[in-house]
Amino acid sequence: MNPHRRHSTTFGLLLALVFFGLPVGYAGEPSSAPAPGEELQIEITKKGLGKQVVIFQGAREWFMLIEVTPENSVVVRQEKDYDTYLIDESETHDRPMTPGEVDVAIADYVNSVKTRAKKQ
């Protein structure tokens, strides 16, 4: 399955869970470390009024989607090691994020992943 389509499907499911008031989130322990010196591959894509970033390093994958509507903003964060989700969380803000806020949130997330990837 196309990884971007998988994330769209995952986002739709998470969005439905959030709207029905069900808690969303999972955290676990990493099961493998990336190979030393393995470079991060970063893909940032504009999605409507928001953005999406997917970061790969070996079997590790980090994902953040910021979906902005006129009424609110939804932020989805996922971290995977192979097919195991280590983090799968979302948050809803009761106002739309500005383009500047979206850019800052994406940049902060990328920098956070870079820092954590170096420590492993």
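How many residues sit between β4 and β5 in their hairpin, and which residue in the turn has a positive phi? The legends below take this predicted model one close-up at a time, starting there.

**View 1. The β4–β5 hairpin and its turn.** Two residues lie between β4 and β5, and the one with the positive phi is Tyr82, at about 55°. Strand β4 covers residues 73–81 and pairs with β5 in the antiparallel sense over 9 bridges. Two of the pairings are handy landmarks here. Asp81 has Thr84 of β5 as its bridge partner, while Gln78 stands opposite Asp88 in β5.

**View 2. The β1–β2 hairpin.** Here, too, the hairpin has 2 residues between its strands, and Gly48 in the turn takes a positive phi of about 60°. The two strands run antiparallel and are joined by 7 bridges. For a spot to zoom in on, try Ile44, which stands opposite Val53 in β2.

**View 3. The β2–β3 hairpin.** Moving along the chain, β2 and β3 make a hairpin with 2 residues between them, and this time Gly58 is the turn residue with a positive phi, about 60°. Again the strands are antiparallel, with 7 bridges joining β2 to β3. Val53 turns up once more, now opposite Met64 in β3. As for β2 itself, 7 of its 8 residues are buried, leaving the strand mostly covered.

**View 4. The whole sheet, edge to edge.** Pull back and the strands form an open sheet of 5, ordered β1-β2-β3-β4-β5 with antiparallel pairing. What happens at the edges? β1 (41–47) and β5 (84–93) each have a single partner strand, so one side of each is left without a neighbour in the sheet. On average, neighbouring strands of this sheet are turned by 10° against each other, direction ignored.

**View 5. Helix α2 on the sheet.** α2 lies across β1, β2, β3 and β4. Its direction relative to β3 is about 170°.

**View 6. The largest nonpolar core.** This core has 15 residues, and Val53, Met64, Ile66, Met97 and Ile106 are the ones with the most contacts inside it. At least two residues each come from β2 (50–57), β3 (60–68) and α2 (99–119). Which element gives the most? That's α2, with 7 residues. Apart from this core lies another one, of 6 residues, including Phe63, Leu65, Val74 and Val76.

**View 7. Val53 and its surroundings.** Zoom in on Val53, one of the residues with the most contacts inside the largest core. Skipping neighbours within four places in sequence, Val53 is in contact with Ile42, Glu43 and Ile44, with Trp62, Phe63 and Met64, and with Ile106, Tyr109 and Val110. Two of these have already appeared as residues opposite Val53: Ile44 and Met64.

**View 8. Where to trust the model, and where to hold back.** The chain averages a pLDDT of 80, with 69% of the residues scoring at least 70. Among the elements of the chain, β3 has the highest mean pLDDT, 98, and helix α1 (residues 3–19) has the lowest, 46. Two stretches stay under 50. Over residues 4–11, where pLDDT is under 50, the model has 16 contacts beyond four places in sequence. Residues 13–32 also stay under 50, and for these the model has 30 such contacts.

How values were computed: Residues numbered from 1 in each chain as written. Predicted model: local features only at pLDDT ≥ 70, side-chain atom pairs only at ≥ 80, totals over all residues. Heavy atoms only, no water. Core = buried A, V, L, I, M, F, W, Y, C linked by side-chain atoms within 4.5 Å. Buried < 20%, exposed > 50% of the residue type's maximum accessible area, 1.4 Å probe, protein only. Helix = DSSP H or I, 4+ residues; strand = E, 2+ residues; numbered from the N terminus. Contact = heavy atoms within 4.5 Å. Pairing = 2+ DSSP bridges. Axes fitted to C-alpha atoms, helices over the stretch in contact; angles between N-to-C directions. pLDDT = per-residue confidence, 0-100.
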